[in-house]
Amino acid sequence: MHDLLLRRHSIRRYTDEPVDAGDVKTIIEAALLAPSSKSVRPWEFVLVEKREDLERLASCKANGTRPIASCPLAVVVCADPARSDMYIEDMSITAAYMQLQATALGLGACWIQVRGRFTADGEDAEEIVREILGIPPGYVVECIVTLGHPDEERRPVDPAKLLWEKVHTERW
């Protein structure tokens, strides 16, 4: 697990090679295995592979969406806030699990934040994603996790560069 954490990076460039169906199943299974507050599991996932939909999703906010347009697969992470007051945390954990599972499979992944983001014209990114994918009203769209075969090389994190000064014992 520690080696996996050292190797995981946000991958923003992908090859055109599709993600194997078995790998997709494994990644989604990892998301479904994620813990949630009181085991409510308020999350829902929309898998997107159609190039035209990926390109449309890439216009959902002002910047930081380039990986969506180039990835072969994106997973939109949503939740019903009426089901749990911890829906944001629950969605975040599932997205992190997907990214870790992708890394374990030799794939790349990147979290693209949607909730609380806007286009350059001030349009709500969540509304744009909801409209493109037909997500019901009331659901929150936390993020889009892009997935694919990396088209960039990233070195593992050097443990010597970890910010241990941010760790406090007993008191600040």
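Q: After which strand does the segment that holds Leu-162 lie?
A: This is a predicted model, in which local features need pLDDT of at least 70 and side-chain atom pairs count only at pLDDT 80 or more, while totals for chains, interfaces and linings use all residues. Residues are numbered from 1 along each chain as its sequence is written, and side-chain values use heavy atoms, with hydrogens and water left out. Helices (H or I, at least four residues) and strands (E, at least two) are DSSP runs numbered from the N terminus. The segment with Leu-162 comes after the strand that covers residues 140-148, which is E4.

Q: Is Leu-162 buried, partly exposed or exposed?
A: Buried means under 20% relative accessible area and exposed means over 50%, with partly exposed in between (1.4 Å probe, protein chains only). Because its relative accessibility is 37%, Leu-162 counts as partly exposed.

Q: How many residues of strand E2 are buried?
A: Strand E2, which spans residues 73-79, has cover on both of its faces. On one side Leu-73, Val-75, Val-77 and Ala-79 are buried, and on the other side so are Ala-74, Val-76 and Cys-78. Counted along the strand, the buried residues of E2 number 7 of 7.

Q: Which residue in E4 is the bridge partner of Cys-78?
A: Two strands pair if DSSP finds at least two bridges between them. Strand E1 (residues 43-48) pairs with E2 in the antiparallel sense over 6 bridges, and there Glu-44 has Cys-78 as its bridge partner in E2. E2 and E4 also run antiparallel, joined by 7 bridges. In E4, the partner of Cys-78 is Val-141.

Q: How far from the sulfur of Cys-78 is the nearest cysteine sulfur?
A: The structure holds 0 disulfides, a disulfide being a pair of cysteine sulfur atoms within 2.5 Å. Cys-78 is in no disulfide, and the nearest cysteine sulfur belongs to Cys-143, at a distance of 8.9 Å.

Q: What is the relative accessibility of Cys-143?
A: Like its neighbour in the previous answer, Cys-143 is in no disulfide, and the sulfur nearest to its own is that of Cys-78. Cys-78 counts as buried because its relative accessibility is 2%. Cys-143 also counts as buried, because its relative accessibility is 0%.

Q: Which residue has its backbone oxygen 2.7 Å from a polar atom of the side chain of Thr-94?
A: Thr-94 is found in helix H5, which spans residues 87-104. Thr-94 is buried, because its relative accessible area is 0%. The backbone oxygen that lies 2.7 Å from a polar atom of the Thr-94 side chain is that of Met-91.

Conventions: Polar contact = N/O pair within 3.5 Å; in protein donor to acceptor, adjacent residues only side chain to side chain.
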